[in-house]
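Here are a few short exercises to work through with the model open beside you. Try each task before reading its solution.

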Amino acid sequence: MPFDRLSAATTPTAHLGLGLAAVGRPGYINLGRERDLPSVRSVDALRERTHELLDAAYAQGVRYFDVARSYGRSEEFLADWLNARPGLDGVVVGSKWGYTYTAGWSTDAERHEVKDHGVRTYERQRAETAALLGDRLDLYQIHSVTPDSPALTDKELHAKLAETAANGVTIGFSTSGPAQADAIRAALAVTVDGEPLFRTVQSTYNALETSAGPALAEARDAGLTVIVKEGMANGRLAQPYAPDALREVAERTSLGCDAVALALVLREPWAGVVLSGAATADQLASNLHAAVVDLDEDQLARLATLVEEPHAYWERRGRLPWH
């Protein structure tokens, strides 16, 4: 499978990926975004910023790039970048379906995305993704599976996904919400013709939200590649928003709060790829220092005090404004 290329890589930063949620559309919920992006967020301006980040990430050893149908024009921006650089080696591309982007390139839309895990949405979005990424797509994930998602029980959908897998595209899923562990365990039980359907899982895990950890370890033991998203908690773990305990540890390492926060995730033995959601090249460079952070037991104990109750974490995340 494509992720064998990442697991065999010797460059530390190959286990860090770049997600384009923050730069593929003008509005998103990351804190500080009003400072990070151009004041005029035209399609061309964000395309240029995305390509700048992709160039910087590739040059520094990053090989996994993550987009989604609902991340505005992220698939288009990534496809343009890939098409202009046909000689790139080892790139692994993942996208997601299940949300439809509805903001019309606006930051103040009433609704920015609409969720639907039905077969018809899958067929429509699979065709849209294919039109942009073609055979460059390595991984297609169901976007934000929760325990009540029909994607966990829809046999027709499972058969369609298995067809895609038979044609060489890895099938995975992402999770969100306070019951991520339940969704992961339910997805691990999904089979088609006696074989597991899903080969990757992408979940939120960070210094504040660790509840999915045991289930992610089970997924890794079952042979799935684990991708971690929102390692920065949508900016809550970055300067100037980072809690005191994280600031203190970062000062002792002489690196940024972001590098320490991502290093905390990277050290988990089940973490295959940890995503950076950087919106600037400087943020990306700082994020990638996570690969060389060495945390001692005292520092780990200090960071463990930051863990929040899952429902409280997700309730706060749900109140973050779209900038």
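The exercises below look at two pockets and two residues.

This is a predicted model, in which local features need pLDDT of at least 70, side-chain atom pairs count only at pLDDT 80 or more, and totals for chains, interfaces and linings use all residues. Residues are numbered from 1 along each chain as its sequence is written, and side-chain values use heavy atoms, with hydrogens and water left out.

**Exercise 1. Describe the largest pocket and its lining.**

Step 1: start with the term. On a 1 Å grid over the protein atoms alone, a pocket is an open set of points where a 1.4 Å probe fits, with protein on both sides within 12 Å along at least five of seven lines; lining residues have an atom within 4 Å of a point.

Step 2: find the space. The largest pocket holds about 1000 Å³, a volume being the space filled by probe spheres set on the points.

Step 3: look at the lining. It has 50 residues, and Y28, N30, E230, N234 and G235 lie nearest the centre.

Step 4: sort that lining by class. It divides into 20 nonpolar, 19 polar and eleven charged residues (Ala, Val, Leu, Ile, Met, Phe, Trp, Tyr, Cys and Pro count as nonpolar, Asp, Glu, Lys and Arg as charged, and the others, Gly among them, as polar).

**Exercise 2. Place N234 and find its side-chain partners.**

Step 1: N234 sits in the loop between β11 and α9 (244-253); helices (H or I, at least four residues) and strands (E, at least two) are DSSP runs, numbered from the N terminus.

Step 2: N234 is buried, at 5% relative accessible area (buried means under 20%, with a 1.4 Å probe and protein chains only).

Step 3: the N234 side chain makes polar contacts with the side chains of N30, at 3.1 Å, and R317, at 3.2 Å. Such a contact is a pair of N or O atoms within 3.5 Å; within protein, one must be able to donate a hydrogen and the other to accept it, and residues adjacent in sequence count only if both atoms are side-chain atoms.

**Exercise 3. Is D66 buried or exposed?**

Step 1: D66 belongs to strand β2 (residues 64-66).

Step 2: D66 is buried, because its relative accessible area is 1%.

Step 3: a polar contact of 2.6 Å links the side chains of D66 and Y64.

**Exercise 4. Which helix gives the most to the lining of the second largest pocket?**

Step 1: this pocket contains about 220 Å³ of space and is lined by 16 residues.

Step 2: α1 gives the most, with three residues.

Conventions. Buried means under 20% relative accessible area, exposed over 50%, partly exposed in between (1.4 Å probe, protein chains only).
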